Amino acid sequence: MNKDIFLSNSLGNKKEKFNPIDPKNIGMYVCGPTVYDDPHIGNARPLIIFDILFKVLKCKYGTKSVTYVRNITDIDDKIIKSSEEKKIPIAELTLNITKKFHEDCNYLNCETPTHEPKATDNIDLMINMIHELIKGEYAYESEKHVYFKIKKFRNYGVLSNKNVDDLIAGSRVELSENKDNPEDFVLWKPSIGTEPFWDSPWGKGRPGWHLECSAMSKKYLGNTFDIHGGGRDLIFPHHENEIAQSLCANKTKKFANYWVHNNFITMSNEKMSKSQGNILKISDLKKKYNGQVLRLALISAHYSQPLDWNEKLMDECEKTLNKWYNCYVTVDKKILIQDNDLKPLYDDLNTPGFIAVLHELFDKAKDGDRKDKELFTTACKFIGLLSQPKEEWNNFKKRNLKISEKDILSKISQRNDARAKKDYQSADKIRDELFDKGILIEDEDGKTIWKVK
Ligand SMILES: [Zn+2]
């Protein structure tokens, strides 16, 4: 498609035309999960948003021209703490949670990134980066720790619009005896007791979290690349620190050209957090909803806006998909999605705008011919919806029914008996009863068929 892609760039805080460094080799790095606890719905939003951006970039520049890197943080203080609390060895915990994370990605129908590096496989790169930073006097060693000296980096605060002096003055971080400034952040820290460690010139220890992403993005995408993504909560300090480390260690002026951040998910307008006790795990939602329902719900608001999560939203999305599946057809040949239909996605991933296009295509398809249905199905599939055949979608719904198939058939038989006796009142009562349990019955050509509402 000839049309340009626009993105909201947090660096500079404005919507900008996307100009890749090399259109044949586009790089996107997205901060992946820290694998210490079961993934929740807040983790799912960036997964889906950047999956869609990956699709849009591939559509414009070609499948082979886009490299998408999403890391796995498998060493971090949170992991160590969680391992102690759960009494599970770290290696087992991170393996389990990574497995769950991948299951959730499948459930949400997200494509696998081009590379998915683990922090623990790249410790040597992090150590090299610390060497460079110490050499350039951007970092200093102090009591087996290595810290980044934020005062040395003039542009510190460029992404989050913060000023170094204000930060230091307003710091609530207690000045630890071994830091020059309270806001200096850790690049390397010693491991104590049974904590996992790697050998380094500064003693046995492990890297700071921020450094992991700087090292892994460099490995796969080079010193300067196109897009860096993540949740908005990562802007400060995580992304600010990534910029500082990468620019100083690589001696470059640019790290990522476009910073794309998704907004939060709230629950009944309150921020989701562990302390509020309103964390919704994906594994729990899985029992009730098809992954496509979550996917549609998560793209119902623009990524830069907060999204309020509630049962009503889920029910509406389920209803929409039920309706859309009536126009689902198998698409064998290559049908191309129309340029015009893609316009909202090119314009800063306007997913609500694209959903409006899908509704229009559906309206055309429901009274149209097979070609209209093919176009509609193709457009839905582009964004990862109607990803399963209709039977699978229906089977999933049957799984959640509060009544067995045997009981449904027995009720239908009772209703037919009542109708034969012209006892329409009882027949209607049975139909209503089934309706309340999610079953719709229809009489066609002397036969009664049932389907899930
Ligand atoms: Zn990161």
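**A walk through the sheets and helices**

Let's start on the outside of a helix: Lys81 and Glu85 are exposed residues on the face of α2 that is turned away from its buried side. Here a residue is exposed if 12 or fewer other C-beta atoms, placed from the backbone, lie within 10 Å of its own, buried if 20 or more do, and partly exposed in between. This is a predicted model, in which local features need pLDDT of at least 70 and side-chain atom pairs count only at pLDDT 80 or more, while totals for chains, interfaces and linings use all residues. Residues are numbered from 1 along each chain as its sequence is written.

Helix α2 covers residues 77-86, and its buried residues are Ile79, Ile80 and Ser83. Seen down the axis of α2, these buried residues fall within an arc of 100 degrees, so they line one face of the helix; the arc is that of the directions from the helix axis to the C-beta atoms. An α-helix has 3.6 residues a turn, so residues three or four places apart point the same way. The cover over the buried residues of α2 includes α3 (90-107). Just after α2, Lys87 has a positive phi of about 55 degrees. Helices (H or I, at least four residues) and strands (E, at least two) are DSSP runs, numbered from the N terminus.

Next come the sheets. One open sheet has four strands in the order β4-β3-β9-β10, with parallel pairing; two strands pair if DSSP finds at least two bridges between them. β4 (66-70) and β10 (256-262) each have a single partner strand and stand at the edges, so one side of each is left without a neighbour in the sheet. Within this sheet, β3 (residues 26-30) and β9 (residues 225-231) are paired over three bridges, and Met28 stands opposite Ile227 in β9. Helix α6 (residues 209-221) lies across β3, β4 and β9, and runs at about 160 degrees to β4. Such angles run from 0 to 180 degrees between N-to-C directions, with axes fitted to C-alpha atoms, for helices over the stretch in contact; contact means C-beta atoms, placed from the backbone, within 7 Å.

Another open sheet of four strands is antiparallel, in the order β5-β6-β7-β8. Three bridges join β7 (residues 185-190) to β8, and Trp188 stands opposite Pro207 in β8.

Finally, look at the hairpin of β14 and β15, where two residues lie between the strands and Asp445 in the turn has a positive phi of about 45 degrees. Six bridges join these antiparallel strands, with Ile441 opposite Trp450 in β15.

How values were computed:
Two residues are in contact if their C-beta atoms, placed from the backbone, lie within 7 Å.
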